[in-house]
Amino acid sequence: MNEILRKRVIDALEELKAKDVREIDVRGKTSIADFLFIASGTSARHVKSIADEVVKFAKEAGVMPNGVEGQTEAEWVLVDLGDIIVHVMLPRIREFYGLERLWTVGDDGYEAVSAV
C-alpha cells in the first residue's frame, strides 16, 4: 500500500502544479514516517488546494489522513498519511524553516520528484 499511496501523492502534487517538489526518505532516521514530501504553492489558496488534492487522492487510494493541520492560514499545510507526511508551504515559509536541510543533514542530498 505504501508504494500505491506514494504514487497517488506524487500524482496529486503534479495535478495541481505544486512547485519545487522534494521527496525525502526518512526511514532509519525517524519512526514517524517513511517518506516526507515537501512542496511549494504560489499563494495561500494554491497551498490549500494542493493539500486538499493530496487528501482527495489519498482517500481514493483507501487511506484516510491521520490529520491535516494549517488549513486556516494555509501558509504551511501538513497532511499526515501515516507512512507519508506531506508539507505544502509558501516559499518564504519553506525557506525560513528549511525542512529539507533538517532531514538531509549528512545525506548525499535529496531527490526532486518533478521539475515543475
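**Burial, strands and salt bridges**

Visitor: Is Glu 53, with its relative accessible area of 12%, buried or exposed?

Guide: A residue is called buried under 20% relative accessible area, exposed over 50% and partly exposed in between, judged with a 1.4 Å probe and with protein chains only. Because the value for Glu 53 is 12%, which lies under 20%, Glu 53 counts as buried.

Visitor: Which residues are used for the totals in this model?

Guide: Residues are numbered from 1 along each chain as its sequence is written, and side-chain values use heavy atoms, with hydrogens and water left out. The model is predicted, and while local features need pLDDT of at least 70 and side-chain atom pairs count only at pLDDT 80 or more, totals for chains, interfaces and linings use all residues.

Visitor: In what order do the elements of the protein chain run from the N terminus on?

Guide: The protein chain has four helices and six strands. These are DSSP runs, with H or I over at least four residues for a helix and E over at least two for a strand, and they are numbered from the N terminus. Read in that direction, the elements follow the order α-β-β-α-β-β-β-α-α-β.

Visitor: Which residue of helix α2 forms a salt bridge with Lys 56?

Guide: A salt bridge here is a side-chain nitrogen of Lys or Arg within 4 Å of a carboxyl oxygen of Asp or Glu. Lys 56 counts as partly exposed at 40% relative accessibility, and its side chain meets its partner at 3.8 Å, N to O. The two residues both lie in helix α2, three residues apart, about one turn of the helix, and the partner is Glu 53.

Visitor: How far apart are the closest N and O atoms of Lys 48 and Asp 52?

Guide: Lys 48 and Asp 52 also lie in helix α2, with a spacing of four residues, about one turn of the helix. Lys 48 is partly exposed at 32% relative accessible area, and Asp 52 is partly exposed at 31%. Side chains of opposite charge can pair when their charged atoms come close, and in the salt bridge between Lys 48 and Asp 52 the closest N and O atoms are separated by 3.1 Å.

Visitor: Are Glu 100 and Arg 94, which form a salt bridge, buried or exposed?

Guide: In the salt bridge between Glu 100 and Arg 94, the closest N and O atoms are 2.4 Å apart. Both Glu 100 and Arg 94 are buried.

Visitor: Which residues outside its close sequence neighbours does His 46 touch?

Guide: His 46 has its place in helix α2, which spans residues 44-60, and at a relative accessible area of 15% His 46 is buried. A contact means heavy atoms within 4.5 Å. Leaving out residues up to four places away in sequence, His 46 touches Leu 16, Lys 17, Ala 18 and Gly 41.

Visitor: Which residue in strand β5 is the bridge partner of Phe 37?

Guide: Strand β2, residues 35-40, has six of its six residues buried, with Phe 35, Phe 37 and Ala 39 on one side and Leu 36, Ile 38 and Ser 40 on the other. Two strands pair if DSSP finds at least two bridges between them. Strand β2 pairs with β1 in the antiparallel sense over five bridges, whereas six bridges join β2 to β5 in parallel. In β5, the partner of Phe 37 is Val 86.
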